[in-house]
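Notebook open, model loaded. I want to go through the helices, the salt bridges and a few single residues, and jot down what I find.

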Amino acid sequence: MDLILVNIIDGLVTGLLLFMLSAGLTLIFSMMGVLNFAHASFYMLGAYFAYQISQGLGFWMGLLIAPLIVGVLGAGVERYGLRRVHQYGHVPELIFTFGLALLIEELVQFVWGKNQMPYFVPEALNFSAFAIAGNSIPAYKIFMIFISLAIFIGLLFILTRTRVGMIIQAALSYPRTVEALGHNVPLIFMGVFGVGTALAGVAGVIAGPVLGTFPGMAFVLGSIVFVTIVIGGLGSLWGALVASLLIGWITTFAKAYNIAMADILNGIGFATPENLDDNLFRDLWTVTSPQIADILPYILMVLILIFRPSGLFGKRHS
């Protein structure tokens, strides 16, 4: 039971970190219909900017300033890049953001090099919050949980309970009507894109000390972010949260418990082949859950696309 609790907390941290990254992408898509391939690159920039700022001003100033810088850069990308490309359709948008991701990675390597940066957990949070059966839970993980939950509650409140949120959602479905009412729709879209990239920057600031700050960090999480929003449903904030938690817990428990596929197959009635070495499905019989933990989210995504193409909470079909 104690090990289960530890894995629940670890999976919660992983899932909420993934949510912080996917929330920005979900926000951008739900408001603008743009799948930003460079989203994980803004996450990486958040980590690098925070590292650089922390060298002189400390971690907390990095947490405040780095996402703002990333958000301003994101808004600039929308204003001077995506807005010009948008008129030509979704394919040019995807190509533009893909090229932007490659450009950002090359710039990061040019400025900071290819080695991992010495970006560490701040001293104020570098202690054990509590222990479960001898397994210590770092205070920094608890901090990550609270930050992620605060972001989710804040986004949900703004989008559903405020005038700004109503204008943003109206601008998505009825842009000309909203513009006729005197609102600057292009400015709204630029702000949404900036906020979405700033959220990715927050995720980078917080994840950098734990997962490492290096040029490949965008690639490590880039694909799983898209898996998350596909499972949750494109454009759904609740879907992003549920899918992130599912992925966090699935991968954590799969790595923690060494479950053999042979035991599962035996349990559902299949007999182990006598000559396993020569059997066509030998690899299937010998695989264990830790070996396939990282591909389980992709298997879940395939199943979701087969049985519920719009995702768990998806509503957008365009």
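Before anything else, a note to self on naming: helices here are DSSP runs of H or I, at least four residues long, and they are numbered from the N terminus. I also keep in mind that this is a predicted model.

**Entry 1: helix α4**

I started with α4, residues 90–112. How far apart are its end C-alpha atoms? I get 33 Å, and 23 residues at 1.5 Å a residue should span 33 Å, so the two agree. Next I listed what is buried in α4: Glu93, Thr97, Leu100, Ala101, Ile104, Val108, Gln109 and Trp112. Residues three or four places apart on an α-helix point the same way, because there are 3.6 residues a turn. I then looked for what covers the buried residues of α4, and the cover includes α2 (39–57) and α3 (59–85). Just after α4 I noted glycine 113, which has a positive phi of about 85 degrees.

**Entry 2: two residues of α2**

Serine 41 sits in helix α2. Buried or exposed? Serine 41 has a relative accessible area of 4%, under the 20% cut-off, so I put it down as buried. Leaving out residues up to four places away in sequence, serine 41 touches Ala101, Ile104 and Ala218. Ala101 and Ile104 are already on my list of buried α4 residues.

Phenylalanine 42 is in α2 too, and it is buried at 1% relative accessible area. Beyond four places in sequence, I found phenylalanine 42 in contact with Asn36, Val70, Leu73, Gly74, Val77, Leu100, Thr197, Ala200 and Gly201. I also checked phenylalanine 42 against proline 118: they are 76 residues apart in sequence, and their C-alpha atoms are 19 Å apart.

**Entry 3: helix α5**

Same exercise for α5, residues 139–161. With 23 residues at 1.5 Å each, α5 should span 33 Å; the end C-alpha atoms are 32 Å apart, which agrees. Its buried residues are Ala139, Tyr140, Phe143, Met144, Ile145, Ser148, Ile151, Phe152, Leu155 and Leu159.

**Entry 4: salt bridges**

How many salt bridges does the structure hold? I count 3.

One of them joins the side chains of lysine 141 and aspartate 10, at 2.8 Å from N to O. Lysine 141 is in α5 and aspartate 10 in α1 (residues 2–32), so this pair ties together parts 131 residues apart in sequence. Lysine 141 is partly exposed, at 25% relative accessibility.

Arginine 83 and glutamate 78 make another, with 3.1 Å from N to O. I looked at how covered the two partners are: arginine 83 is partly exposed at 28%, whereas glutamate 78 is buried at 5%.

Then there is aspartate 294 with lysine 255, where the closest N and O atoms are 3.1 Å apart. This pair links distant parts of the chain, 39 residues apart: aspartate 294 is in the loop between α13 (289–292) and α14, and lysine 255 is in α10 (residues 237–256). Lysine 255 comes out as partly exposed, at 47% relative accessible area.

**Entry 5: the annotated spans**

I pulled the UniProt record, an unreviewed entry. Its "transmembrane region" annotation covers residues 12–37, 57–82, 94–112, 142–160, 181–207, 213–231, 238–257 and 295–314. I checked two of these spans in the model. Residues 181–207 are 85% helix and 0% strand, with end C-alpha atoms 41 Å apart. Residues 295–314 are 60% helix and 0% strand, and the ends are 23 Å apart.

Which residues make the nonpolar surface patch of about 590 Å²? My list is Ile295, Ile299, Val302, Leu303, Ile306 and Phe307. I picked isoleucine 306 for a closer look: it lies in α14 (residues 296–307) and is exposed, at 54% relative accessible area.

**Entry 6: threonine 286**

Last stop was threonine 286, in helix α12 (residues 282–286). Threonine 286 counts as partly exposed at 43% relative accessibility. Outside four places in sequence, threonine 286 touches Leu276 and Gln291. Its C-alpha atom is 6.9 Å from that of alanine 260, which is 26 residues away along the chain.

Technical notes
Residues numbered from 1 in each chain as written. Predicted model: local features only at pLDDT ≥ 70, side-chain atom pairs only at ≥ 80, totals over all residues. Heavy atoms only, no water. Helix = DSSP H or I, 4+ residues; strand = E, 2+ residues; numbered from the N terminus. Expected span 1.5 Å × (residues − 1). Buried < 20%, exposed > 50% of the residue type's maximum accessible area, 1.4 Å probe, protein only. Contact = heavy atoms within 4.5 Å. UniProt positions renumbered as here; feature names shortened; annotations may be inferred. Patch = residues over 30% accessible without salt bridge, like charges linked within 9 Å, V, L, I, M, F, W, Y side chains within 5 Å. Areas by Shrake-Rupley, 256 points an atom, 1.4 Å probe, with all protein chains shown as cover. Salt bridge = Lys/Arg side-chain N within 4 Å of Asp/Glu carboxyl O.
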